[in-house]
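Visitor: Could you pick one part of this model and take me through it slowly, then show me what sits around it? I'm at the bench all day, so plain talk is welcome.

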Amino acid sequence: MTPETAFQSIDFIADKYPINTGIIFFGGEPLLKKNLIKETISYCESKEKNQEAYFHYKVTTNGILLDKSFLEYANSVNLQVAMSIDGVGKAHDRFRVFPDGKSTFEIVADKIDLLLKHQPYAKALMTVNPETVNHFSDSVEFLVGRGFKYIIVSLNYAGAWNDDHIKEIKKQYQKIAKLYEKWILQEKKFYFSPFEMKLASHISQDNMECYQCDFAQKQIAIAHDGTIYPCVQFVQDGISNRAYSIGSITTGIEMGMQKKLYDDSKEQTALCSECDYNTRCNNKCTCLNWQTTGTLNQISPVVCETERVLIPIVDAMGERLYKKGAAMFIQKHYNAVYPIISMIEDMH
Amino acid sequence: MEIKPVKLKKKPGYPTIKTFIENPELLSKNVPFAWIRNQYAATTLATFILCGCGNQSNAQKDKPTIIVVSNDIEKDKPSAIQTAKHDSAKIAKIFSHGDGSGAIGCVVESPPVLISEDEARKIIFTALKAENIDFSIIETPLLKFEAPPIANDCFDENDLKIAKKAKIEIKMDGYNAKYNLAIEYVSANVYNKFKTDEGCESTLQGYSTKYAAELIRKELITQGDLNAVIFYDPLSKLEFKRKEKFETTWNNVKKLAREQLLDQVKDFIEWIKKEGIIKQ
């Protein structure tokens, strides 16, 4: 993306979404363009000075180019840095290698302390593939052990999952549930996205909708050439998936297309409608459906299988923790001001 | 792999947010140790509860309470409080450390230093945690019975004879489903449930926590549902000395009271091992 396109994008956002809009820099690897990030944020700040718009910022990096200087800059402008790291070396290096096949794990793992020193609440973004699922539990334990408080997991549903992998992921979730339970009872504070989301989906019930993105409405993505997509997953190379474009920064949002995509995404299949997990299921993640089935509203068998594995394990764990009266579990999931109290505790 | 709708036979065994909205005191009764140790976190929590996250009167009455949990992962233990009668239910004797009687107000010269329920739970559960016995304070048994009023600060013996029975309702302080074991601490507040002060305008307030503990114990034996132990506020008394600062006297007596309660718990731990309720 050129600086001009970046600035035009900010003008577009400031005009359409001026209130506390999140700007997320993604790639490829965004830290290859550190200066562009800085220039873009500087441009955003000029908008804020003129009271035209207000922003907050995030960047997702593979960590290779992360350094003290950039983190100091990030803190100075309140740019939250998230690191893509898949866990232990065997998991991480299965797919995250240099073009010559050399490991990136050691380099990235060495950056963890630096990142968490500057941003203690930085997120670890972890991808689990069929080929690495047997390291899932070890990887979660590794990342928590290294100090990450937020672990955001994505299963690579586009991978070649089979029945053996499903059995393995069940085993891994059960191991992680034991770890989760142990840590909660020790009053350790952490966030493990698959479990938190499923617990919240039962606890919050009707409000669960708030946790789900509104496709093509809230988290739109702008490609390098200024084309607007309904979600970051649809950008791909920025050129070949234009059928799903909902406009551009120069012409604005095509409202008809935006509404059509949104409506299509909300259509439920008959099988999902009669499932008791329907309201708690990832079947509403449109980009996930699209990636795995090519449609916006059809869940894939892999997603259905993994959800049917995950939810009962999380529910059994939630029940055990509740019946043990685990105070951290209760405060974390039932106290609306938990984040504030937790932060105050950390500050003192 | 296939898409297969799920039909659930039962709902998840942990509540929805609605339960906590309707019972805000559940939050103030389940406070992490780390927050209690951190005055800023504890104060913030208390403030939020008082400002609307909780029921105001309850929040004032029930100060944050400790719950002690073990680090062990237990497998599928019984989910609900066991309700069946247990012929072999074991009720510990009252472990005697401290008089468990005293009075405040009016002409009292040596008032007791009270141990609040919150503080008592901390002492009791911390000692038990060291033995790997953990307790829930959410699903605890509710003990209901009627008893003659055991005291009234105005009534004489004849009045007591004709006084109405007190309807006692005690939600016990802790419960371990694995051992079907319940714990109750008799504080001055619990003792007050046995009193009938109707028409009494004296400022004198007498307490017999040990005696109330005995009455609760008898009732538990009658009901026979639970293994149980009753602890009581030792009610250690202040004896003021001319050359000693009030704070020093108070702190010394408070320390003694805590030690006496802890001694009750230590006796109980010995007993529970001897009785084979838990493995040694």
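Guide: One term first: a residue counts as buried if 20 or more other C-beta atoms lie within 10 Å of its own, as exposed if there are 12 or fewer, and as partly exposed in between. By that yardstick, 35% of the 280 residues in chain B are buried. Keep in mind throughout that this is a predicted model.

The part I'd pick is the parallel sheet in chain A. Six strands make up this open sheet, running in the order E1-E2-E3-E4-E5-E6 with parallel pairing. E1 and E6 (191-192) are its edge strands, each pairing on one side only. Further in, E2 (residues 55-61) and E3 (residues 79-84) of chain A are joined in parallel over five bridges, and A:Tyr57 has A:Leu79 of E3(A) opposite it. Helix H6 (residues 136-145) of chain A lies across E4 (123-128), E5 (150-155) and E6, and runs at about 170 degrees to E4(A).

Now go back to the edge. A:Gly22 sits in strand E1, residues 21-25 of chain A. Why call it partly exposed? The count is 13 other C-beta atoms within 10 Å, and the partly exposed class lies between 12 or fewer for exposed and 20 or more for buried. Leaving aside residues up to four places away in sequence, A:Gly22 touches A:His56 and A:Lys58. There is also a long jump along the chain here: A:Gln219 is 197 residues away from A:Gly22 in sequence, yet their C-alpha atoms are separated by 8.9 Å.

Next, a pair of helices in this chain. H1 (residues 3-16) and H2 (residues 34-49) of chain A pack at an angle of about 35 degrees, their axes 10 Å apart, and the crossing is right-handed. From H1(A) come A:Pro3, A:Ala6, A:Phe7, A:Ile10 and A:Ala14, while H2(A) brings A:Leu36, A:Glu39, A:Thr40, A:Tyr43, A:Cys44 and A:Lys47. By class, that contact has eight nonpolar residues, one polar and two charged.

On to the core. In soluble globular proteins, nonpolar side chains tend to be buried together. Here the largest nonpolar core has 98 residues, and A:Val81, A:Leu143, A:Ile151, A:Tyr229 and A:Ala326 have the most contacts inside it. Helix H12 (residues 301-323) of chain A gives the most to this core, ten residues. Take A:Leu143 as a way in: beyond its neighbours up to four places away in sequence, it touches A:Ile85, A:Gly87, A:Ala124, A:Met126, A:Phe148 and A:Ile151. A separate core has 42 residues, including B:Ala120, B:Leu128, B:Ala182 and B:Phe268.

H12 turns up again at helix H11. In H11 (residues 286-293) of chain A, A:Thr286, A:Cys287, A:Leu288, A:Asn289 and A:Trp290 are buried, and the cover over the buried residues of H11(A) includes H9 (255-266) and H12 of chain A. Right after H11(A) comes A:Gly294, with a positive phi near 80 degrees.

Chain A has an antiparallel sheet to look at as well. It is open and has four strands, ordered E7-E8-E9-E10. E7 (221-222) and E10 (252-253) of chain A are the edge strands with a single partner each, so one side of each has no neighbour in the sheet. E8 (residues 227-229) and E9 (residues 247-248) of chain A are antiparallel, held by two bridges, with A:Thr227 opposite A:Ser248 of E9(A).

And the other chain? Chain B has ten helices and seven strands. Of its contacts with a separation of 6 or more, 78% are between residues 24 or more positions apart. One example of a long sequence jump is B:Phe240 and B:Ser110: 130 residues apart along the chain, with C-alpha atoms separated by 7.6 Å. B:Phe240 belongs to the loop between E7 (227-232) and H10 (246-274) of chain B, and this residue is exposed, with 11 other C-beta atoms within 10 Å.

Last, where the chains meet: 39 residues of chain B are in contact with 44 residues of chain A. On the B side, H1 (17-22), H3 (33-37) and H4 (39-53) are the elements that give two or more residues, and H4(B) gives the most, with six. That side of chain B has 25 nonpolar, nine polar and five charged residues.

Methods:
Residues are numbered from 1 along each chain as its sequence is written. Chains are lettered from A and ligands numbered from 1 in the order in which they are written. This is a predicted model: local features need pLDDT of at least 70, side-chain atom pairs count only at pLDDT 80 or more; totals for chains, interfaces and linings use all residues. Two residues are in contact if their C-beta atoms, placed from the backbone, lie within 7 Å. Ala, Val, Leu, Ile, Met, Phe, Trp, Tyr, Cys and Pro count as nonpolar, Asp, Glu, Lys and Arg as charged, and the others, Gly among them, as polar. A nonpolar core is a set of buried Ala, Val, Leu, Ile, Met, Phe, Trp, Tyr and Cys residues joined through C-beta atoms within 7 Å. Two strands pair if DSSP finds at least two bridges between them. Axes are lines fitted to C-alpha atoms, for helices over the stretch in contact, and angles run from 0 to 180 degrees between N-to-C directions. A crossing is left-handed if the near helix is turned anticlockwise from the far one by less than a right angle, and right-handed if clockwise.
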